[in-house]
Amino acid sequence: MTGLADQAWFRDPALGRILALLSADGGEGRVVGGAVRNSLMGLPVNDVDIATTLRPEAVMERAAAAGIKAVPTGLEHGTVTLVIDGKPFEVTTLRTDVETDGRHAKVAFSTDWKADAERRDLTINALYADAGGEVVDLVGGLADIKTRNIRFIGDAARRIAEDYLRILRFFRFFAYYGSGRPDAEGLKACSAARSKLTTLSAERVWSELRKLLGAGDPGRALLWMRQVAVLTEILPESERWGIDAIPSLITTEKALGWTPDPLLRLAAIVPPDAVRLEVLAARLKLSNAEAAYLKAWATAAPANDEMSSAAFERLLYRNGADGITTRLKLALAVARGKAESDFDEMARSARLIKLLDKAMQWKKPQFPLNGGDVISAGIASGPRVGELLAGLENQWVEENFVSDRAALLARLQERVQ
């Protein structure tokens, strides 16, 4: 038997209290899913989810009697969140699927652990740990943990037909936990059902894609998604642009200590076309901030890596740092990818790093004048005010921001006389 009793997270008194509560008087509670999977893989454990034979009403009754806060976060699907000392534990009653349509499922509560395991998506996500810490494997997940094989439970096509989002989950979990080549049956089933992804809500698709892009190295997963046309289905913009920039971007991120950024990785596999990216943002229902990120990158002025520091500061002032920073990161990744065999690209990488450092630390100078100063100088409110301000600001920028307020006011007086 495989046990987790010696794991620090499993020895948490709060978790022990909940498992004891659920496992008394004929009931049973077991940790399920990610906590078990990650622990067995030697990865950090964050959230701890629990499955139980008790119905949600009984869970809430027992929690109330024990003085534990219970929040009915999803009673329809059997989920109650128990909170001890501010720490939440999601507790869900065992279930079987009564009806599925590829997007939603109607469930019935159960006390059958095997049936509960078999309704889940992947073998590595269907492992349980009982109150004593013993791992219970009803679907062959332990063997797949050892080989880092990402495999659907039972018939892959049937699992996918229950919820088409599982196509993207297959590749997402491969990105985070997989090794070697993806499971052949899973690949075939994902490819066959890829057109069904259009039946899902944009929010669910983008959420899953964003998580995948946030993996330490999503390159292999993206490659296989492209091979079986799943990537084209959800991200047609990537079809002609390709994913060739991803490997060098990942290498650069690791070398320079950049935090994985799903949006930067997205920018690496779609064209810098503001119109197409606006369509993409609308289709996937990106947040305003995410859409703005892509727009800033697509419309950013290109930075010449041989430009002077002063010229670069003027470029940043006139265009903003965000989009230019993204362009520099992607350009640097490409240059570093070629640098091993090209001395010129090695030198270019060094110059790009300097520009990138400046862009990331950039704080836009505040132009010392405003419209009130122009009006105080005797100019009536109207277009002339803006014209004078723009002219003075442009000159101030061209002089690299050296003129102070007094000098600019004097220059303003000269212009209005």
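Colleague: Let's start near the end of the chain: which residues of helix H22 are buried?

Modeller: A helix here is a DSSP run of H or I with at least four residues, a strand is an E run of at least two, and both are numbered from the N terminus. Buried means under 20% relative accessible area, exposed means over 50%, and partly exposed is in between (1.4 Å probe, protein chains only). In H22, the residues that count as buried are Leu408, Arg411 and Leu412.

Colleague: Before we go on, what kind of model is this?

Modeller: Residues are numbered from 1 along each chain as its sequence is written, and side-chain values use heavy atoms, with hydrogens and water left out. Local features need pLDDT of at least 70, side-chain atom pairs count only at pLDDT 80 or more, and totals for chains, interfaces and linings use all residues, since the model is predicted.

Colleague: Thanks! Within what arc do the buried residues of H22 fall?

Modeller: H22 covers residues 405-416 and reaches 16 Å from its first C-alpha to its last, close to the 16 Å expected (1.5 Å times one less than its number of residues). Looking down its axis, we take the directions from the axis to the C-beta atoms. The buried residues line one face of the helix, because they fall within an arc of 105 degrees.

Colleague: Which helices do those buried residues pack against?

Modeller: The face turned away from the buried side of H22 carries the exposed residues Ala406 and Glu414. For packing we look at contacts, which means heavy atoms within 4.5 Å. The partners of the buried residues are helix H20 (371-376) and helix H21 (383-398).

Colleague: Let's step back to the whole chain. What is its radius of gyration?

Modeller: The chain has 22 helices and nine strands. Its radius of gyration, taken over C-alpha atoms, can be set beside the globule rule of 2.2 Å times the number of residues to the power 0.38. For 417 residues that rule gives 22 Å, and the chain is well over this, so it is more spread out than a compact globule, with a radius of 28 Å.

Colleague: What percentage of contacts at least 6 apart in sequence join residues at least 24 apart?

Modeller: The C-alpha atoms fill a box of roughly 95 × 55 × 40 Å along the principal axes, and 47% of the 417 residues count as buried. Among contacts between residues at least 6 apart in sequence, the share joining residues at least 24 apart is 63%.

Colleague: Which helix gives the most to the largest nonpolar core?

Modeller: A nonpolar core is a set of buried Ala, Val, Leu, Ile, Met, Phe, Trp, Tyr and Cys residues joined through side-chain atoms within 4.5 Å. The largest one has 117 residues, and Phe171 and Met225 are among those with the most contacts inside it. With eight residues (from the stretch 166-177), the helix that gives the most is H7.

Colleague: How accessible is isoleucine 167?

Modeller: Isoleucine 167 has its place in helix H7. Leaving aside neighbours within four places in sequence, its contacts include Ile160, Cys190 and Val230. Isoleucine 167 counts as buried, because its relative accessibility is 0%.

Colleague: The backbone oxygen of which residue lies 3.4 Å from a polar atom of the serine 248 side chain?

Modeller: Serine 248 sits in helix H13 (residues 246-256) and counts as buried at 17% relative accessibility. Not counting residues up to four places away in sequence, serine 248 touches Ala333, Val334 and Gly337. The backbone oxygen at 3.4 Å from its side chain belongs to alanine 333.

Colleague: How far apart are the C-alpha atoms of arginine 351 and aspartate 305?

Modeller: Arginine 351 lies in helix H19 (residues 343-361) and counts as partly exposed at 28% relative accessibility. Leaving aside neighbours within four places in sequence, arginine 351 is in contact with Asp305 and Glu306. Arginine 351 and aspartate 305 are 46 residues apart along the chain, and their C-alpha atoms are separated by 5.8 Å.

Colleague: One last thing: what is the phi of lysine 285?

Modeller: Most residues other than glycine have a negative phi. Lysine 285 lies in the loop between helix H15 (274-284) and helix H16 (288-299), and is exposed, with a relative accessible area of 51%. Lysine 285 has a positive phi, near 55 degrees.

Methods:
Polar contact = N/O pair within 3.5 Å; in protein donor to acceptor, adjacent residues only side chain to side chain.
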